[in-house]
Amino acid sequence: ITDAHKELHGWVEIIGKTANKICDDPDYNRIKLNEQHTGFIMESNDAGGLGCLGWAIERHMNDIPFKLKPTFQKILRDTKDRKDNLERS
């Protein structure tokens, strides 16, 4: 495992914990983080959970290292799009 992978994993953990705290979900039932491929896959059909994840990413965006920002910016866009689609359907 590379240092970049460890750093990405660390930020996934931080954001996941923040999202679950925002959602008041200490048992991690609404948001499931699955570290694969790009390091972060959100598996949820819960628009509220996706909203919590988006807020968590936004809350930490200024602290995320520059080299990881594009990854989390893409995750944020994808999360918002998925949330919007769920809310419309």
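Buried means under 20% relative accessible area, exposed over 50%, and partly exposed in between. These cut-offs apply to every view below of this predicted model.

**View 1. A salt bridge within helix H3 joins Lys74 and Asp78.** The two side chains meet at 2.7 Å, N to O. Both residues lie in H3, four residues apart, about one turn of the helix. Asp78 has a relative accessibility of 38%, so it counts as partly exposed. Lys74, at 44%, also counts as partly exposed.

**View 2. Lys83 and Glu87 form another salt bridge in H3.** Their side chains meet at 2.8 Å, N to O. The spacing is four residues, about one turn of the helix. Lys83 is partly exposed, with a relative accessible area of 23%. By the salt-bridge rule, the count comes to four.

**View 3. Glu7 and Lys67 meet in a salt bridge.** The N to O distance is 3.1 Å. Glu7 lies in helix H1 and Lys67 in the loop between H2 and H3, so the pair ties together parts that are 60 residues apart in sequence. How exposed is each partner? Glu7 is partly exposed, with a relative accessible area of 27%. Lys67 counts as exposed at 56% relative accessibility.

**View 4. Lys69 is a buried lysine with no salt bridge.** Lys69 is found in helix H3. Which side chain of opposite charge is nearest to Lys69? That side chain is Asp63, 7.6 Å away. A salt bridge needs a side-chain nitrogen of Lys or Arg within 4 Å of a carboxyl oxygen of Asp or Glu. Leaving aside residues up to four places away in sequence, Lys69 touches Met61, Asn62 and Ile64.

**View 5. The buried residues of helix H3 lie on the same side of the helix.** In H3, the buried residues are Lys69, Phe72, Ile75, Leu76 and Thr79. They cover an arc of only 120 degrees around the axis, which puts them on the same side of H3. What do these buried residues pack against? They pack against H1 and helix H2. H3 runs over residues 69–88, a stretch of 20 residues. At 1.5 Å a residue, H3 should span 28 Å. The end C-alpha atoms of H3 are 28 Å apart, which agrees.

**View 6. Helix H2 is largely enclosed by the rest of the structure.** Ten of its 14 residues are buried, so the surroundings enclose most of H2. The buried set is Ala47, Gly49, Leu50, Gly51, Cys52, Leu53, Gly54, Ala56, Ile57 and His60. H2 covers residues 47–60. From first C-alpha to last, H2 reaches 20 Å. That is close to the 20 Å expected at 1.5 Å a residue.

**View 7. Ala19 and Ala56 come within 5.1 Å of each other, C-alpha to C-alpha.** The two alanines are 37 residues apart in sequence. Ala19 lies in helix H1. Ala56 is one of the buried residues of H2. Is Ala19 buried or exposed? Ala19 is buried, with a relative accessible area of 0%.

**View 8. Helix H1 and the residue that follows.** H1 holds 20 residues, 3–22. The span should be 28 Å at 1.5 Å a residue. The end C-alpha atoms of H1 are 29 Å apart, which agrees. The buried residues of H1 are Leu8, Trp11, Val12, Ile15, Gly16, Thr18, Ala19 and Asn20. Just after H1, Asp24 takes a positive phi of about 55 degrees.

**View 9. The whole chain, as context for the close-ups.** The chain has three helices and two strands. Along the sequence they follow the pattern α-β-β-α-α. Of the 89 residues, 38% count as buried. Which share of the contacts with a separation of 6 or more comes from residues 24 or more positions apart? Such residues account for 57% of these contacts. The chain exposes about 5,600 Å². Carbon and sulfur atoms supply 51% of that area.

Terms used:
Residues are numbered from 1 along each chain as its sequence is written. This is a predicted model: local features need pLDDT of at least 70, side-chain atom pairs count only at pLDDT 80 or more; totals for chains, interfaces and linings use all residues. Side-chain values use heavy atoms; hydrogens and water are left out. The expected span of a helix is 1.5 Å times one less than its number of residues. Buried means under 20% relative accessible area, exposed over 50%, partly exposed in between (1.4 Å probe, protein chains only). Contact means heavy atoms within 4.5 Å. Accessible areas come from the Shrake-Rupley method with a 1.4 Å probe; for residues, only the protein chains shown count as cover. The arc is that of the directions from the helix axis to the C-beta atoms. Lys and Arg count as positive and Asp and Glu as negative; His and the chain ends are not counted.
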